[in-house]
Amino acid sequence: MYLIWMRPMPDLSTLHPFLQACSKLICLQLFTIYPANGIDVLLKSWIENRPASLQEVLISISNVRNEDDYLSLTTVADEYVPLLQVLGLNVFLIIDSNWR
């Protein structure tokens with residue numbers, strides 16, 4: 001599934017029930033604009049209850065406006081991505097910032 005959300009998503013964690021219902025979804029590519037609220041909750045939910053068929057996830061977040069927000073997202077990625085990869089879910093988080 002290729003999903004482009006051109007506005008800030010109010011809460012990414014609301015995607016979890018939808019993704020659980022997609023029983024044949026193998027790959028998710030999500031492109032959204034910062035803020036990406038709930039990304040930590042979404043990633044944690046996949047550790048606890050991963051959608052059965054999901055094998056690969058690419059999440060691209062653009063328009064990160066300052067260093068603190070960028071560091072916050074990289075901290076979330078550093079915490080959850082390795083755990084998900086050990087569980088067999090390849091997760092890639094791309095953060096595009098314009099504060100530099």
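**Fold, helix 2 packing and backbone exceptions in a predicted model**

Buried residues account for 37% of the 100 residues in the chain. The model is a predicted one. Its accessible surface comes to about 5800 Å², and carbon and sulfur atoms contribute 55% of that area.

The chain contains three helices and four strands. Read from the N terminus, these elements follow the order β-α-β-α-β-α-β. Of the contacts between residues at least 6 apart in sequence, 85% join residues at least 24 apart. The C-alpha trace spans about 40 × 25 × 15 Å along its principal axes. For 100 residues, a compact globule would be expected to have a radius of gyration near 13 Å, and the value for the chain, 13 Å, agrees with this.

The chain carries 6 positive and 10 negative charges. The mean positions of these two sets lie 9 Å apart.

Helix 2 comprises residues 39-48. Its buried residues are Ile-39, Leu-42, Leu-43, Ser-45 and Trp-46. These residues cover an arc of only 155° around the axis and therefore lie on the same side of helix 2. An α-helix has 3.6 residues a turn, so residues three or four places apart point the same way. The buried residues of helix 2 pack against two other helices, helix 1 (15-21) and helix 3 (67-86). They also pack against strand 2 (27-36), strand 3 (56-64) and strand 4 (90-97).

Two backbone features were examined further. Most peptide bonds are trans, and most residues other than glycine have a negative phi. The peptide bond from Tyr-34 to Pro-35, by contrast, is cis, with omega near 10°. Pro-35 belongs to strand 2, one of the elements against which the buried residues of helix 2 pack. The second feature concerns Asn-63, a residue other than glycine with a positive phi, near 70°. Asn-63 is located in strand 3, which is likewise among the packing partners of the buried residues of helix 2. With a relative accessible area of 22%, Asn-63 is classed as partly exposed, because the buried class requires a value under 20%.

Notes. Residues are numbered from 1 along each chain as its sequence is written. This is a predicted model: local features need pLDDT of at least 70, side-chain atom pairs count only at pLDDT 80 or more; totals for chains, interfaces and linings use all residues. Side-chain values use heavy atoms; hydrogens and water are left out. The radius of gyration is taken over C-alpha atoms; the globule rule is 2.2 Å times the number of residues to the power 0.38. Buried means under 20% relative accessible area, exposed over 50%, partly exposed in between (1.4 Å probe, protein chains only). Contact means heavy atoms within 4.5 Å. Accessible areas come from the Shrake-Rupley method with a 1.4 Å probe; for residues, only the protein chains shown count as cover. Lys and Arg count as positive and Asp and Glu as negative; His and the chain ends are not counted. The place of a charge is taken as NZ of Lys, CZ of Arg, CG of Asp or CD of Glu. The arc is that of the directions from the helix axis to the C-beta atoms.
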